[in-house]
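Colleague: I would like to learn how to read a model of this kind. Please take the features one at a time.

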There are 2 protein chains.
Amino acid sequence: MELEKTMSLENTFDQRLKELSSIGSDPTGGMTRLLYTDSWKQAQEYVKKQMESMGMTTQFDKVGNLFGRVEGTELPNETIMSGSHIDTVVNGGTLDGQFGVVAALTASQLLLEKYGKPRRSLEVISMAEEEGSRFPTVFWGSKNFVGIADNDEIKDIEDAEGYKFVDEMHRQGFDTNEKQIKRDDIKAFVEGHIEQGSILETEHEQIGIVNSIAGQRRYNITLKGEANHAGTTPLNYRHDAVYGMSKMISKALDRAHEIGDPLVLTFGKVVPKPNTVNVVPGEVLFTMDCRHTDKNFLSKFTKEVEDMMRQIAKEMGLGIDIDLWMDEAPVPMDDHIVKIIEKKAKEGKYNYRIMHSGAGHDSQIIAPNFPTAMIFVPSIKGISHNPAESTKLKDLVEGVKLLADTLYELAYK
Amino acid sequence: MELEKTMSLENTFDQRLKELSSIGSDPTGGMTRLLYTDSWKQAQEYVKKQMESMGMTTQFDKVGNLFGRVEGTELPNETIMSGSHIDTVVNGGTLDGQFGVVAALTASQLLLEKYGKPRRSLEVISMAEEEGSRFPTVFWGSKNFVGIADNDEIKDIEDAEGYKFVDEMHRQGFDTNEKQIKRDDIKAFVEGHIEQGSILETEHEQIGIVNSIAGQRRYNITLKGEANHAGTTPLNYRHDAVYGMSKMISKALDRAHEIGDPLVLTFGKVVPKPNTVNVVPGEVLFTMDCRHTDKNFLSKFTKEVEDMMRQIAKEMGLGIDIDLWMDEAPVPMDDHIVKIIEKKAKEGKYNYRIMHSGAGHDSQIIAPNFPTAMIFVPSIKGISHNPAESTKLKDLVEGVKLLADTLYELAYK
């Protein structure tokens with residue numbers, strides 16, 4: 001691409017991101033744009049106008065996913081799609097989700113301006129919801145898009161202030177009276193997203209080409225011992241829940257460090273009872289979050305940790321309850337699309353790496369249904385879900401350019 | 001003692017304990033009798049009447065410690081004293097504190113009825129406060145009794161509802177306009193108390209003769225790492241505060257178990273940040289409570305643990321702050337009185353053990369000033385500071401009998 005185009009790309013992208021970020025800017029910090037709120041609707045309307053301004057026909061589906069489409073000249077029934085989600089967490093940043101929407105808009109505009117109409121149909125999607133930050137549901141947008149949303153699940157749910165999901169959906173003009181049908185025209189979906197980690201930054205790379213989204217298992221583990229006076233109970237009389245937990249956590253993490261990437265293991269939450277300085281803790285609840293890109297390995301490793309925990313509990317006379325409450329399988333990205341992105345990255349001399357995503361994304365819902373891949377740009381210090389979420393403009397623009405190159409290959413060739 | 005006397009001792013003791021327990025009975029559970037409340041004053045008035053009914057002259061000191069005295073016939077300036085504290089924790093039991101008061105009253109009554117006036121003066125003390133449950137002060141009773149209370153400390157303090165310490169003290173008719181002077185007539189102090197642990201119960205013993213009160217050190221330890229996304233941050237990028245804590249706790253407790261009695265070590269409180277399943281914990285605050293009967297050993301062992309913690313923090317790239325906020329030296333009991341109690345226990349064929357106290361007591365304040373020892377009775381399941389605090393009546397009565405035997409030896413011989 002010529003220099004002028006690149007400059008205009010940067011300006012167009014930057015202005016669009018700034019305009020969209022002004023919708024839902026939270027006075028308490030960062031951006032808060034929750035599903036079916038007025039700022040959420042305003043943001044979707046802004047994206048709709050942008051789509052229309054570049055000649056796309058637009059359409060909301062029944063639940064509020066927004067589509068902008070340019071019909072393909074030769075193969076209109078083969079659709080190449082890009083986009084991400086429009087909602088944010090509470091006090092989130094301006095990139096998680098909407099970077100992928102603005103990148104898809106801007107890359108499409110660049111292609112349309114430069115090359116005219118595509119051979120295959122080109123679509124941008126701005127998905128309704130991914131974060132699960134207002135109602136107890138996640139991936140509401142992508143699950144509806146691929147036709148696997150369960151409308152019974154949202155029938156009775158409400159937000160923290162007591163607003164019902166269905167009432168809020170109706171208020172914004174959407175409904176779920178009919179289940180959405182999976183489309184059969186989608187030949188490729190490419191999602192741009194920030195990394196939300198610090199690998200690219202640390203390794204001085206500008207692009208991550210995602211070949212897999214890690215599977216994850218989340219557990220609540222409860223150990224039951226006996227609460228005793230910290231002064232009057234000899235050590236050999238005790239059933240100390242925090243002692244048991246400490247052995248388990250240090251042993252599990254020692255083992256995980258031996259194994260290394262792509263395994264990650266986190267004990268993020270610890271709540272002893274009664275949680276006071278001079279009482280031997282009689283109980284402790286702690287969480288375990290384990291992720292890996294290989295389903296069998298994830299099962300095998302977590303089984304090993306569970307067995308180790310039960311063994312320690314037995315040795316220490318502690319009751320143990322291990323509750324696996326989330327079990328998401330790893331999701332491989334489409335090999336063919338990954339190869340196309342890598343080919344374009346090589347041709348364009350992008351500084352890239354092939355990597356997996358440790359975080360969850362809409363792409364993990366879409367990939368089992370349509371050929372899917374993701375393009376990551378760096379996150380400064382790996383921060384996201386936070387007002388400090390940030391990426392250098394030149395890194396964002398590199399991502400948009402590679403996305404455009406990829407969509408060109410998929411839709412124009 | 002004859003059988004009739006023993007029977008009447010049991011009845012007298014039981015009735016007195018029940019009557020006193022009815023004052024301050026808490027509708028939300030157990031007993032709540034906080035310093036300078038009306039139920040506290042009623043309880044002291046009840047004890048005063050009991051003292052008077054057995055021919056004692058009574059006196060409150062300036063802050064509300066209550067004394068009942070029978071003048072010695074031969075050595076009136078040598079006083080033998082017994083008692084404990086009248087206050088309780090919130091929703092406490094009926095034995096912690098007042099067992100020692102009722103035991104002293106009942107043992108004294110038995111001696112006066114059976115042997116008449118003592119050679120040395122005999123006193124019962126019902127101390128104003130030990131628990132620190134209403135105001136941020138502990139041992140207010142015993143510290144005033146031995147003349148080491150610091151009146152500046154209570155000048156500005158108030159309870160959780162905003163009542164000022166000094167106002168409540170004045171309301172009940174007490175004051176601190178003059179510092180109390182340490183008496184020079186006390187030749188022995190013997191405190192009866194429940195064990196608040198389960199050693200006596202487990203070992204099937206009815207009496208514990210306390211030869212030492214353990215010293216204790218309490219710490220707040222803060223580890224600072226880095227909060228990161230649990231999915232996108234590889235293990236070798238992390239500075240996981242909970243991982244560091246787990247290594248420290250398991251290592252310290254492994255070592256403490258190797259050493260064993262009388263060392264106890266407790267990590268009762270754990271508060272990670274942000275304390276959520278999918279974030280690598282960037283910070284954790286945890287407490288350490290360490291007790292031992294030997295001052296040098298306590299210093300040496302906690303130093304060893306501190307060094308180990310700093311070493312682990314260094315290896316793991318964690319910041320560490322170790323705050324020692326309580327450092328109470330162990331307090332040995334008076335060897336001579338311990339021997340007298342043991343002699344009486346042997347003569348009376350009591351089923352006893354010599355032991356240390358892991359919990360704090362008024363005796364630790366009194367012992368550095370006057371010859372002091374304690375007699376423990378068993379606590380069912382070691383429970384105290386709880387409505388379920390309980391001891392079999394026959395065990396309580398054994399304690400009263402041994403106390404009477406001891407006071408006889410000290411005051412009548």
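Modeller: Start with the copies: they are superposed by least squares on the C-alpha atoms of residues with pLDDT of at least 70 in both. Of the residues of chain B, B:Ser246 comes closest to the rotation axis, at 2.1 Å (C-alpha). This is a predicted model, in which local features need pLDDT of at least 70 and side-chain atom pairs count only at pLDDT 80 or more, while totals for chains, interfaces and linings use all residues. Residues are numbered from 1 along each chain as its sequence is written, chains are lettered from A and ligands numbered from 1 in the order in which they are written, and side-chain values use heavy atoms, with hydrogens and water left out.

Colleague: By what turn and shift can chain B be laid on chain A?

Modeller: A turn of 180° and a shift of 0.1 Å along the axis lay chain B on chain A with an RMSD of 0.1 Å. The two copies are thus related as by a two-fold rotation axis. Of the interface residues of chain B, 100% are also interface residues in chain A, so the copies meet through the same surface.

Colleague: Which residues of H10(B) are buried?

Modeller: Buried means under 20% relative accessible area, exposed over 50%, and partly exposed in between (1.4 Å probe, protein chains only). Helices (H or I, at least four residues) and strands (E, at least two) are DSSP runs, numbered from the N terminus. In H10(B), the buried residues are B:Ile337, B:Val338, B:Ile340, B:Ile341, B:Lys344 and B:Ala345. They cover an arc of only 160° around the axis, which puts them on the same side of H10(B); the arc is that of the directions from the helix axis to the C-beta atoms.

Colleague: Why do residues three or four places apart point the same way?

Modeller: An α-helix has 3.6 residues a turn, so such residues share a direction. The face of H10(B) turned away from its buried side carries the exposed residues B:Asp335, B:His336, B:Lys339 and B:Lys346.

Colleague: Is B:Thr88 buried or exposed?

Modeller: B:Thr88 is buried, with a relative accessible area of 3%, and its place is in the loop between strand S3 (75–85) and helix H3 (98–115) of chain B. A polar atom of its side chain lies 2.7 Å from the backbone nitrogen of B:Arg33, and the backbone oxygen of B:Met31 lies 3.4 Å from a polar atom of the side chain of B:Thr88.

Technical notes. Polar contact = N/O pair within 3.5 Å; in protein donor to acceptor, adjacent residues only side chain to side chain. Contact = heavy atoms within 4.5 Å.
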